[in-house]
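Subject: Handing over a structure

Dear colleague,

I am passing this structure on to you, with the sequence and the coordinates below. After them come my notes on what was found, arranged so that you can follow them with the model open.

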Amino acid sequence: MDGVRVLSKRFFPLGLLCLFLLLLATMPLYAQPYLVILLTTVFMYVVLTLSWAIFSGPTRYISLASAAFFGVGVYLSAILGQALPLPLVIAFGGLVSFILALFIGLLTLRLRGMYFIIFTFGVSELIRHFMLWWETNFTGTVGRFVVAVDQTAVYYVMLVIFVMTLLTAHLMRRSKFGLALRSIGEQEEAALHIGINVTHLKAITFAISAFFMGAAGAIMATRWTYIDPSIAFNPLSSFMPVLMAIFGGTGRLYGPILGAAILAFLEEVLITKFTYYYMLLFGIILIVVILFLPNGLVGLFKRR
Amino acid sequence: MRLLEGRGVTKYFGGLSAVFDVDFDINEGEIVGLIGPNGAGKTTLFNLISGAHPLTSGTTRFKGENITGLRPNQICKRGIARTFQLVKLFGNMTVLENVYLGSLFGVSRKINGSDAMRLSLELLEFVGLSAVGAIPAKELTLANQKRLEVARGLATRPELLLLDEMMAGLNPAEVAQAMELVTRIRDKGITIFMIEHVMKAIMSVCNRIMVLDHGVKIAEGTPNEVATNRKVVEVYLGE
């Protein structure tokens, strides 16, 4: 009898997850189109936050470069969308973001703390302004049109990206690399001295996290259908994952997911009623969380 | 066999020479002490050996191989481990995880998880921390934290262990235990180079002692020779 109880304890969360994923996968069949579109947006935020947390969670290097990686995906979608089939476009979005992150990582990951944060923010802004300058002076357009894709297809693609991100995050956490990443966040100098190639590990993890952001950007662009540098590289795409991860808590895998889901729904509810004030509320939430709930929602549940 | 060799080791921070033209040899099986007043450059010398800082000039060789300019993770894999003056443990991770990380990443050859785990448990036993394996490292007493840092260093399978003021902040009973641990490490075949201020410990356990002052080596020899060296006495008592 004990065996059954132990078995059910281990497989219960997994079973629940599978059920939940099945529910999500079949949504478009019976849910309103509005809900499908809303869920796609929620998936986007969850992917951004979860992939942000893959790197920034354990290493505690707060990256504000998410907008750069997301935007690269968006732009590639606009540029390649007419020439290549959708799966390739998304793969390219992820791949180019991966390479960009590797490059940025090897350059900047010598910086620590506040310097790293500001630098990543600077990189995002640099790319945004560079694209604006390039588009204005060389390609002669400021905005671009993106090949539209059926909303249901967008939903399914985002769902797949979400599952892939979740799987990657889970596997990394449990692996020896996940442990090494945490040690970098705890005492980077000591981690270096016990043989961990800190530079390589940081760069690769940063790149992996960027891959999913790029892929998400590539598919989301097809929903917006019109993009320009300010839309693609909107700084908010850098700030929101940080806010959502802090709110949800980075200590557990579900923290960023929960935080992103709740705040994404909240944004949707508030943006129509308080178009100008909803960001203020988010700012207040961030302050309250940092003051009273430093480990986010995860901390709240752990205490219970 | 000469394990570690330094020639003309020099480090400038801006215009200040923290370590200047220091030569040293550490032979296999020795316990060598490094003493000197505060600010003498002892920890800087360790930082230069371990790769934490690049040398301004000079060379360091380990087992005949030139290790000058290598990064700390590369030097660790070649067989040099160290502890830090201010303990740098992975505080929010368990005692076992701290050691486990060392055994996983500190060796040059691939090691699988279960072997690494077995080695880690053995090491916890060796330093006497078996009972607290599951506790977050930050919750240990200072003496135990220092032992954990030693265990973590040993997990990387070093041939040379650099101990930076391992006995600082310990009471006399803890100092005695630490000294005993140092001897047991040497008996395992690991060479030790240790910075210490606790004179009793250094004098009783070391084969040889080096003395630094203002970044320069001012004396070297057996504990007795160093204790009676006039320059050393002056530097410590400020005559």
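**A residue to start from**

A convenient place to begin is Ile80(B), which is found in strand β6 (residues 80-82) of chain B. Please keep in mind throughout that this is a predicted model. Ile80(B) has 29 C-beta neighbours inside 10 Å, and it therefore counts as buried. Leaving aside residues up to four places away in sequence, Ile80(B) touches Ile49(B), Ser50(B), Phe62(B), Ile75(B), Pro158(B), Leu160(B) and Leu162(B). Ser120(B), by contrast, lies 40 residues from Ile80(B) along the chain, and the C-alpha atoms of these two residues are separated by 18 Å.

**Chain B as a whole**

The secondary structure of chain B comes to 9 helices and 10 strands. Its radius of gyration is 18 Å, close to the 18 Å that the globule rule gives for 239 residues, so chain B is as compact as a globular protein of that length. Taken along the principal axes, the C-alpha atoms of chain B fill a box of roughly 55 × 40 × 35 Å. Of the 239 residues in chain B, 47% are buried, and among contacts between residues at least 6 apart in sequence, 66% join residues at least 24 apart.

**A sheet in chain B**

Chain B has an open sheet of 4 strands, in the order β2-β1-β4-β5 and with antiparallel pairing. At its edges stand β2 (16-27) and β5 (65-66), each with a single partner strand, so one side of each is left without a neighbour in the sheet. The partner of β2(B) is β1 (residues 2-13), and these two strands of chain B pair in the antiparallel sense over 8 bridges; across this pair, Leu4(B) stands opposite Ile26(B) in β2(B).

**An enclosed helix, and the contact between the chains**

Which residues of α3(B) are buried? In helix α3 (residues 95-105) of chain B, 11 of the 11 residues are buried, so this helix is largely enclosed by the rest of the structure; the buried residues run from Val95(B) and Leu96(B) through to Leu104(B) and Phe105(B). They pack against α4 (113-127) and α5 (142-154) of chain B, together with α7 of chain A.

The contact between the chains takes 16 residues from chain A and 22 residues from chain B. On the side of chain A that touches chain B, helix α7 (residues 176-193) gives the most, with 11 residues, and the residues of that side divide into 7 nonpolar, 5 polar and 4 charged.

**Two helix crossings in chain A**

Helix α11 (residues 254-273) of chain A is met by helix α2 (residues 33-59) of chain A, and their axes come within 8 Å and cross at roughly 140 degrees, in a right-handed crossing. Among the residues that make this contact are Leu38(A), Tyr45(A) and Ala53(A) of α2(A), and Ile257(A), Phe265(A) and Glu268(A) of α11(A). By class, the contact has 12 nonpolar, 3 polar and 1 charged residues.

The axes of helix α10 (residues 236-248) of chain A and α11(A) come within 7 Å and cross at roughly 115 degrees, and this crossing is right-handed too. Here residues including Leu243(A), Met244(A) and Phe247(A) in α10(A) meet residues of α11(A), among them Pro256(A), Leu258(A) and Leu263(A). The residues of this contact divide into 9 nonpolar, 3 polar and no charged.

With best wishes

Note on methods: Residues numbered from 1 in each chain as written. Chains lettered and ligands numbered in written order. Predicted model: local features only at pLDDT ≥ 70, side-chain atom pairs only at ≥ 80, totals over all residues. Pairing = 2+ DSSP bridges. Contact = placed C-beta atoms within 7 Å. Nonpolar A, V, L, I, M, F, W, Y, C, P; charged D, E, K, R; others polar. Axes fitted to C-alpha atoms, helices over the stretch in contact; angles between N-to-C directions. Left-handed = near helix turned anticlockwise from the far one by under 90°. Rg over C-alpha atoms; globule rule 2.2 N^0.38 Å. Buried ≥ 20, exposed ≤ 12 C-beta atoms within 10 Å, placed from the backbone.
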